[in-house]
Amino acid sequence: MAAMKPRTGDGPLEVAEESRSLIMRVPLEGGGRLVVEISADEARELRDALNKVVPA
């Protein structure tokens, strides 16, 4: 049986490069984190989409 680790905090938004993809960890309201695996092309598309709605 795996050991249960207590949550000490949700942590910041972070992105790590792993082999051929990027792993994005997004803290969620209410606790926990959303973990998404995306390609570099998908990351560029996400950046462009966010730049349209978030002022620089």
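## A nonpolar surface patch

In this predicted model, the side chains of Leu46, Leu50, Val53 and Val54 make a nonpolar patch on the surface, with an area of about 350 Å². One of these residues, Val53, belongs to helix α1, which spans residues 40–53. Val53 counts as exposed because its relative accessibility of 65% lies above the cut-off of over 50% that is used for this class.

## The helix and the sheet

Helix α1 lies across strands β2 and β3, and its direction makes an angle of about 120 degrees with that of β3. The strands themselves belong to an open sheet of three, arranged in the order β1-β2-β3 and paired in the antiparallel sense. The edges of this sheet are formed by β1, residues 14–18, and by β3, each of which pairs on one side only. When direction is ignored, neighbouring strands of the sheet are turned against each other by 20 degrees on average.

## From β1 to β2

Strands β1 and β2 run antiparallel and are joined by five bridges, and within this pairing Ala16 has Ile23 of β2 as its bridge partner. The loop between β1 and β2 contains Ser19, whose phi is near 45 degrees and is thus positive although the residue is not a glycine. Most residues other than glycine have a negative phi. Ser19 also counts as exposed, because its relative accessible area is 75% and the class begins over 50%.

## From β2 to β3

The pairing between β2, residues 21–27, and β3, residues 33–38, is likewise antiparallel and extends over six bridges. Within this pairing, Val26 has Leu34 of β3 as its bridge partner. The hairpin that β2 and β3 form has five residues between the strands, and in this hairpin Gly30 takes a positive phi, near 95 degrees.

Strand β2 also includes Pro27, and this residue counts as partly exposed because its relative accessibility is 31%, a value that falls between the limits of under 20% for buried and over 50% for exposed residues. Pro27 can further be related to Glu14: the two residues are 13 positions apart in sequence, while their C-alpha atoms are 9.0 Å apart in space.

Conventions. Residues are numbered from 1 along each chain as its sequence is written. This is a predicted model: local features need pLDDT of at least 70, side-chain atom pairs count only at pLDDT 80 or more; totals for chains, interfaces and linings use all residues. Side-chain values use heavy atoms; hydrogens and water are left out. Two strands pair if DSSP finds at least two bridges between them. Helices (H or I, at least four residues) and strands (E, at least two) are DSSP runs, numbered from the N terminus. Patches are made of residues with over 30% relative accessible area and no salt bridge: like charges are joined within 9 Å, nonpolar side chains (Val, Leu, Ile, Met, Phe, Trp, Tyr) within 5 Å. Accessible areas come from the Shrake-Rupley method with a 1.4 Å probe; for residues, only the protein chains shown count as cover. A salt bridge is a side-chain nitrogen of Lys or Arg within 4 Å of a carboxyl oxygen of Asp or Glu. Buried means under 20% relative accessible area, exposed over 50%, partly exposed in between (1.4 Å probe, protein chains only). Axes are lines fitted to C-alpha atoms, for helices over the stretch in contact, and angles run from 0 to 180 degrees between N-to-C directions. Contact means heavy atoms within 4.5 Å.
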